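Here's a quick tour of the model on your screen. Keep the viewer open and click along as you read.

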Amino acid sequence: MNILLIYPPFLEARVHEEEISAPPLGLYYVGAVLKEKGYHVEILNWAHMDKTSNLIAQTLREKNPDILGFSVLQANRWGALEIAKTAKKVNPGVTVVFGGIGATFLWKHFLTHFSAVDFCVLGEGEYPFLKLIRAIEKGNPKNLKSVKGIAFRTQGRPMKTGRPLPIKNLDDLPIPSKFFNYQHVAFTRGCPGNCTFCGSPRFWGRKVRFHSSEYFVKQLEYLVQQGTRFFYFSDDTFLINKALVIEICRKIIERNLEISWFAISRVDLVDKEVLYWMRLAGCTQISYGVESGSEKIRHFLNKNIRSEQIKKAFSLTTRYGILARAYFIYGSPGENDHTIQETIDLINEIKPLSAIFYILDIFPGTTLYDMYLKQWGLTDDIWLQKIEDILYFETDPLLTEEMVLTFGKTLRNTFHEGLSDFTRDIELTEKEDFRELNADFLSRLAMTFSHGDYAKIERIPDKKKTAKNLYGRSLDYAPNDRAYLGLGMIKQQERAFRESINLLDGGIRLFPLNDQLKLCQGINHMNLGEFQKALGCFQGMGDSKQAEIYIKECRKMLGTME
Ligand code: SF4
């Protein structure tokens, strides 16, 4: 049995690329379970595939799968449907299975309207998918009804089978990184929260299940062995069980994994101890769903967090040298100038160093969606439209598009205009063992202002000054190669080549293996016409392709000068 698992392309271009470009972890778990049972499985990330490309049909012809499984989100369902149709044209005998959150909540819709979809796998998909394949192999349709957690057509009508029990011990699942390489990992399944806009509670249930710390860290170890050093811990709320999180952090440190990672948490779960261990173990960013500065709106969203908890989480997280990223939602019921001002006031208090603003969206599987269908007497047929999502404000006569877009603009502008000031108020722990980590945090942040994302945003004031200040503070804590490089580059841009050279000399002495420092230094010397010295810098970079170009240029100049 030849199985192809596909992460299909989205309908629209994304604003935050990082959040969609990797296939969901669930696809790797399904793949691992199948591989462990001896099936031939391949996972294709087609998130960026051009839907009109001949490559789709060509690949399907070449790989000739018996089963085609799709990880379906609301926003990529049309991509999945189009590929499924193509697959049926290439081989009418191929079996198409939709899984993931989109298939779980819209199984009836897919099976009613799209003949290219043969089966949907509902909820936690690993074992239902495996059992489905075994039933298909046996070729007896009666077997299908005994497979729990799937849906299909019988006598032309969609039906679903019973609900399977959730996997009791998550460690029974094979570790996907034995077979695949990926960056998104998860320690838990489920979230105790019950936010009105979120599908997680119904998909996973509100009772959180955990892997063991040993399983989780082993998974990381396999990935590190494959060369991956940066991870997204994609749990809905990684910090649910503090003791287990600390256990994970200790193991990461003991095993010397030398990784860095981002995590997600609720604000009401962090404290000093857990942040201390997370930072030591390589955590550099925690995302918090703050949603709104208005208590009234947070109450509607059922967020169940207090302003005090938000403020404490942001100040503590920053104190331990972890970037606290705030997620905000706007365009909620009752949103107006006053509630937006409340959000602005909160932003100015918590001083986030990173913030993402979303318009409230309505997705199947959420309380908000149920309310919406009921209020307007609608059905899932609304998804026959070629849309990715429904924006809440489109359903609320009290909100107009213009109002909501203005709210978003005001929020973003406020954040960007305040950002440089926020950095001035950063207070870091003075713990002795955090000096290098503090230097790392400050130089990382400085880099976003001098050469990273923030450098491109016009509205952020004093970017260069802010970067210089942060790099300087970084070096006050401990020598840091990123800080030397960043400052050296700024001086170079200012054409203060001699100053840049003096600074980089110090950096190169302390970090002799850092090629970027040598490259920057070499360019300084070239600008001063010191080609012999420049050549020395570039030649110190080993086999670097980048260096080769400069070496050639220096030799040419030296030749001309002789
Ligand atoms: S938004 Fe976050 S906290 Fe709320 S239910 Fe979803 S995962 Fe849980």
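Leaving aside its neighbours within four places in sequence, which residues is Gly205 in contact with? With that sequence window set aside, the contacts of Gly205 are Gly190, Cys191 and Ser200. Bear in mind that this is a predicted model.

**Around Gly205**

You'll find Gly205 in the loop that links helix H7 (200-204) to strand E10 (209-210). Its relative accessibility is 21%, so Gly205 counts as partly exposed; the cut-off for buried is under 20%. If you like a ruler check, pick Leu132: the two residues sit 73 places apart along the chain, and the C-alpha atoms of Gly205 and Leu132 are separated by 23 Å.

**Around Val41**

Now hop over to Val41, which is part of strand E2 (residues 40-45). Is Val41 buried or exposed? At 5% relative accessibility, Val41 counts as buried. Not counting residues up to four places away in sequence, Val41 touches Ile3, Leu5, Gly31, Leu34 and Lys35. There's a ruler check here too: Phe114 is 73 residues from Val41 along the chain, with 25 Å between their C-alpha atoms.

**The whole protein**

Time to zoom out. The protein has 22 helices and 17 strands. Its radius of gyration is 27 Å, close to the 24 Å that the globule rule gives for 562 residues, so the protein is as compact as a globular protein of that length. The C-alpha trace spans about 85 × 55 × 45 Å along its principal axes. Of the 562 residues, 56% count as buried. Take the contacts between residues at least 6 apart in sequence, and 70% of them join residues at least 24 apart.

**H19, H20 and H21**

Next, scroll towards three helices: H19 (residues 497-510) and H20 (residues 515-527), plus H21 (residues 531-539). Here are the two pairings:

| Helix pair | Axes come within | Crossing angle |
|---|---|---|
| H19 and H20 | 9 Å | roughly 150 degrees |
| H20 and H21 | 8 Å | roughly 170 degrees |

Why do H19 and H20 count as roughly antiparallel? Their axes cross at roughly 150 degrees, and angles over 145 degrees fall in that class, which makes H19 roughly antiparallel to H20. The crossing of H19 and H20 is left-handed. On the H19 side, the residues that meet H20 are Phe497, Ser500, Ile501, Leu504, Asp505, Gly507 and Ile508; facing them from H20 are Leu517, Lys518, Cys520, Gln521, Asn524, His525 and Asn527. Sorted by class, that contact has six nonpolar, six polar and two charged residues.

H20 and H21 are roughly antiparallel to each other as well. From H20, Lys518, Leu519, Gln521, Gly522, Ile523, His525 and Met526 meet Phe531, Lys533, Ala534, Cys537 and Phe538 of H21. The class count for the contact of H20 with H21 is seven nonpolar, three polar and two charged residues.

**Two backbone oddities**

Most residues other than glycine have a negative phi. Asn64 has a positive one, about 45 degrees, although it is not a glycine. Asn64 is in the loop between helix H2 (54-63) and strand E3 (67-71), and Asn64 is partly exposed, with a relative accessible area of 45%.

Asn302, also not a glycine, has a positive phi near 60 degrees. Look for Asn302 in the loop between helix H11 (295-300) and helix H12 (307-319). With a relative accessible area of 34%, Asn302 is partly exposed.

Conventions:
Residues are numbered from 1 along each chain as its sequence is written. This is a predicted model: local features need pLDDT of at least 70, side-chain atom pairs count only at pLDDT 80 or more; totals for chains, interfaces and linings use all residues. Side-chain values use heavy atoms; hydrogens and water are left out. Axes are lines fitted to C-alpha atoms, for helices over the stretch in contact, and angles run from 0 to 180 degrees between N-to-C directions. Helices (H or I, at least four residues) and strands (E, at least two) are DSSP runs, numbered from the N terminus. Angles under 35 degrees count as roughly parallel, over 145 as roughly antiparallel, 65 to 115 as roughly perpendicular and the rest as oblique. A crossing is left-handed if the near helix is turned anticlockwise from the far one by less than a right angle, and right-handed if clockwise. Contact means heavy atoms within 4.5 Å. Ala, Val, Leu, Ile, Met, Phe, Trp, Tyr, Cys and Pro count as nonpolar, Asp, Glu, Lys and Arg as charged, and the others, Gly among them, as polar. The radius of gyration is taken over C-alpha atoms; the globule rule is 2.2 Å times the number of residues to the power 0.38. Buried means under 20% relative accessible area, exposed over 50%, partly exposed in between (1.4 Å probe, protein chains only).
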